[in-house]
Amino acid sequence: MILDPLLPPSPGPSVPAPLLTELTALYASNHEFHALSGDFPDPDDIRPEQVAAALAEEWVLPGVDVLLARSFGRLIGIAITLAHHPGPSDPDPWIGLLMVDASLHGQGHGRRLASLVEDRARAADRRAVRLAVPADNPKALAFWTALGYEVVDHREDVRLKRPCAVLRKDLTTP
C-alpha cells in the first residue's frame, strides 16, 4: 500500500476529474458509513461535486492532510488527518476520516492504512493519535479498539453535534 498526500487544488482548478471519479466511487462504496454519518444528503447517490465540496471543506482547516491509499495503482482508501483538534484540551493529532473501499473491507487494508497514519504521526514526534466515533457506529468502535485505541471521553461531534466516543492511542509504547 502506498500513501500519497493529496494537495489542495491551487486557486482555480479543482481536483482532476479522473481522481474525483475515483474518490466518488470510494465514498459511494461506503453507503452504510454515510447513512450513519449524515455527511451526504443521500448516501445512495453521492455525487462528484459533493465529494469535491467535502474535500474543500476539509482543506480550509489548518494542519489538514488528505492522504490517498493506493494498491497496485488502484485507489483503495483515504485518510484525513488534523495536526491539532480545534479544542485546546486536545494536544494530539486527529484522524478525521479513515475509509477503505467497502468491497475490500475485512482484508486488512483499514488496519494497514491506520498503521501508516500512525507511523506518520510518530515520524512527526507525536506521542498519540485521537479520533471520534459516533455513538451509533459500533462497527467502527470495534475496529478502532481492536487496533489499541481506548475510549478517553464522550462528547458531541463538533460539526454535526451528535454523541461520539473520543478514542486515543499512545504511540510511544510498542
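In this predicted model, the buried residues of helix α1 are Leu19, Leu20, Leu23, Thr24, Leu26 and Tyr27. When the helix is viewed down its axis, these buried residues of α1 fall within an arc of 160°, so they line one face of the helix. On the other side of α1 the picture is reversed, for Ala17, Pro18 and Thr21 are exposed there.

The helix that carries these two sides runs over residues 17–29, which makes 13 residues, and from its first C-alpha to its last α1 reaches 18 Å, close to the 18 Å expected at 1.5 Å a residue. As for what the buried residues of α1 meet, they pack against several elements of the chain: the strands β1 (2–6), β2 (64–71), β3 (74–82) and β4 (94–100), together with the helices α2 (31–37) and α3 (48–59).

Two of these strands, β2 and β3, lead the reader on to a loop, since phenylalanine 72 is found in the loop between them. Phenylalanine 72 has a positive phi of about 50°, although this residue is not a glycine. Its relative accessible area is 87%, and because exposed means over 50%, phenylalanine 72 is counted as exposed.

Further along the chain, a second residue can be described in similar terms. Aspartate 125 has its place in the loop between α4 (109–123) and β5 (128–134), and its phi is positive, at about 60°, although aspartate 125 is not a glycine either. With a relative accessibility of 69%, aspartate 125 also counts as exposed.

Conventions
Residues are numbered from 1 along each chain as its sequence is written. This is a predicted model: local features need pLDDT of at least 70, side-chain atom pairs count only at pLDDT 80 or more; totals for chains, interfaces and linings use all residues. Side-chain values use heavy atoms; hydrogens and water are left out. Helices (H or I, at least four residues) and strands (E, at least two) are DSSP runs, numbered from the N terminus. The expected span of a helix is 1.5 Å times one less than its number of residues. Buried means under 20% relative accessible area, exposed over 50%, partly exposed in between (1.4 Å probe, protein chains only). The arc is that of the directions from the helix axis to the C-beta atoms. Contact means heavy atoms within 4.5 Å.
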